[in-house]
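Visitor: I like to see the reasoning behind the labels people put on a model. Could you walk me through a few?

Guide: Gladly, let's look together.

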Amino acid sequence: MFFINLFSFLIVVLPNISLDAVWKSNAHTVVGDLGPGSTTDRLHSPQGISISKNEILSIADSLNHRIIKYDLKTRVIQRVAGKNIQGYGPDMLANPSNVIFHPKSKSYIICDYHNRRVLQWFPRSKRCAKILIENIACFGLAIDINGALYISDTERHEVRRYRMGAKYGKVVAGGHGEGCRLKQLNHPTYICVGDDQSVYVSDSWNNRVMKWKKGAKEGVIVAGVVAGKSKSLTQLDCPAGIIVDQLGTLYIADYWNHRVMRYRKDEEPDIIAGDRFLSGSSKNQLICPEGLAFDHDGNLYVADSNNHRIQKFKIRKS
C-alpha cells in the first residue's frame, strides 16, 4: 500500500514576485564550478532543484547519482543521499532527476529516474530510503496546497496525482499516448502546481508548456504557442524547469535556447537570465539550464546543467 501521509503537514507557498521584477544579468555561482566533478563542492549535470522554507537548496546531482543540499544561510554543502556511483541498492541512486525536501519529516522525496522509482529518503535514519512508487519513468515532482504529490512519467506521457493514502495515482495531464494534440503530451518532464491545482507541464519534446486545469480533459498551451522551435521570444526549444508564481507569471528554463523565459499575462515573453543568442560559461550565460527555484527574496537559482553549476541571479531592488 502506498501512503504519503507526511504531505498532509506541508503547506506549499508559491513565490511572490512583482510583475516588473528585474534580475541582475551577471550571476553568482553558489554550488559547483566549470567542468564536472564528484567532490562535495562540485556537480555533474545537475537537474531538478528546490528551496524549502528553511532556506535549504536541494539539488539532484544527476550524473553523480546523489542529492546535494546547500544551506543558503551558512553556505554549508553536504551530500545527503546516494553514493557517487550508480546503483539500485537501498542507499544508492541512478541519475536522480528531481528532489523536494520536506522539513516536517526531515526527508527528501526523490525521482530516482533510471531506477524507475520515487523514494522517500531519511538521511538520518538507518533504513535510508522508502520506495513510494515503483515501475515509473519518473522525472518531475510537485506538491499542491493540499499535500498531494504529482509525478510526471516520460514513458507514459502523463502526469499523475497521488493523494494521501492512495495506492494508485490519478491521471491529471496527458494519458492519451505520445502526441501533440491538446489531450496529449510528448516526454513530459518538469511540473509545477498552482494554488487552484492547475498543473503546468514542460511538454519537452513538443516544445511547449501546457496548463491543465483541475478536472480538465485536455490542456491549453501557455508557452511555445508558435509551432516549431527557434530562438524567437514566442518559441521554446525543449522546455525544462518551470515555476508559476502567485500572480500567475510563468518562468521556464528554455533548455536548448540556453535561457530562462518569463511569461506574464497580457505581456510579450521576455528573457530574464542567459544570453539571447549565445550559450557559454560567462556570468551572464547558460548552457542547457534545467531546474529553477526562487528564494524568499525573489532571487533566481538556475541549474546550469552543462556548466555543472548552480547560478544565482540576484533580484534588483526597486
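Visitor: Which residues form a nonpolar patch on the surface?

Guide: This is a predicted model, and in it Leu182, Ile221 and Val225 make up that patch, sharing about 230 Å² of accessible area.

Visitor: Why is Ile221 called partly exposed?

Guide: Ile221, a residue of strand E17 (residues 220–223), has 33% relative accessibility. Partly exposed covers values between 20% and 50%, so Ile221 gets that label.

Visitor: How many aromatic pairs does a search of the whole structure find?

Guide: Seven aromatic pairs turn up. In one of them, Trp23 and Phe294 have ring centres 6.0 Å apart and planes at 35 degrees.

Visitor: What makes that pair of Trp23 and Phe294 tilted?

Guide: Stacked needs under 30 degrees and edge-to-face over 60; the planes here are at 35 degrees, so the pair is tilted. Trp23 sits in the segment before strand E1 (28–32) and Phe294 in strand E22 (residues 289–294), 271 residues apart.

Visitor: Why does Trp23 count as buried?

Guide: Buried means under 20%, and Trp23 has 5% relative accessibility, so it qualifies. Phe294, at 9%, is buried by that rule too.

Visitor: Why is the pair of Tyr251 and Phe294 called edge-to-face?

Guide: Their planes stand at 75 degrees, with centres 4.9 Å apart, so the pair is edge-to-face, the cut-off being over 60. Tyr251 belongs to strand E19 (residues 250–254), 43 residues from Phe294. Ring pairs thus link Trp23, Tyr251 and Phe294 into a cluster.

Key:
Residues numbered from 1 in each chain as written. Predicted model: local features only at pLDDT ≥ 70, side-chain atom pairs only at ≥ 80, totals over all residues. Heavy atoms only, no water. Patch = residues over 30% accessible without salt bridge, like charges linked within 9 Å, V, L, I, M, F, W, Y side chains within 5 Å. Areas by Shrake-Rupley, 256 points an atom, 1.4 Å probe, with all protein chains shown as cover. Salt bridge = Lys/Arg side-chain N within 4 Å of Asp/Glu carboxyl O. Helix = DSSP H or I, 4+ residues; strand = E, 2+ residues; numbered from the N terminus. Buried < 20%, exposed > 50% of the residue type's maximum accessible area, 1.4 Å probe, protein only. Phe/Tyr/Trp six-rings, centres within 6.5 Å; stacked < 30°, edge-to-face > 60°.
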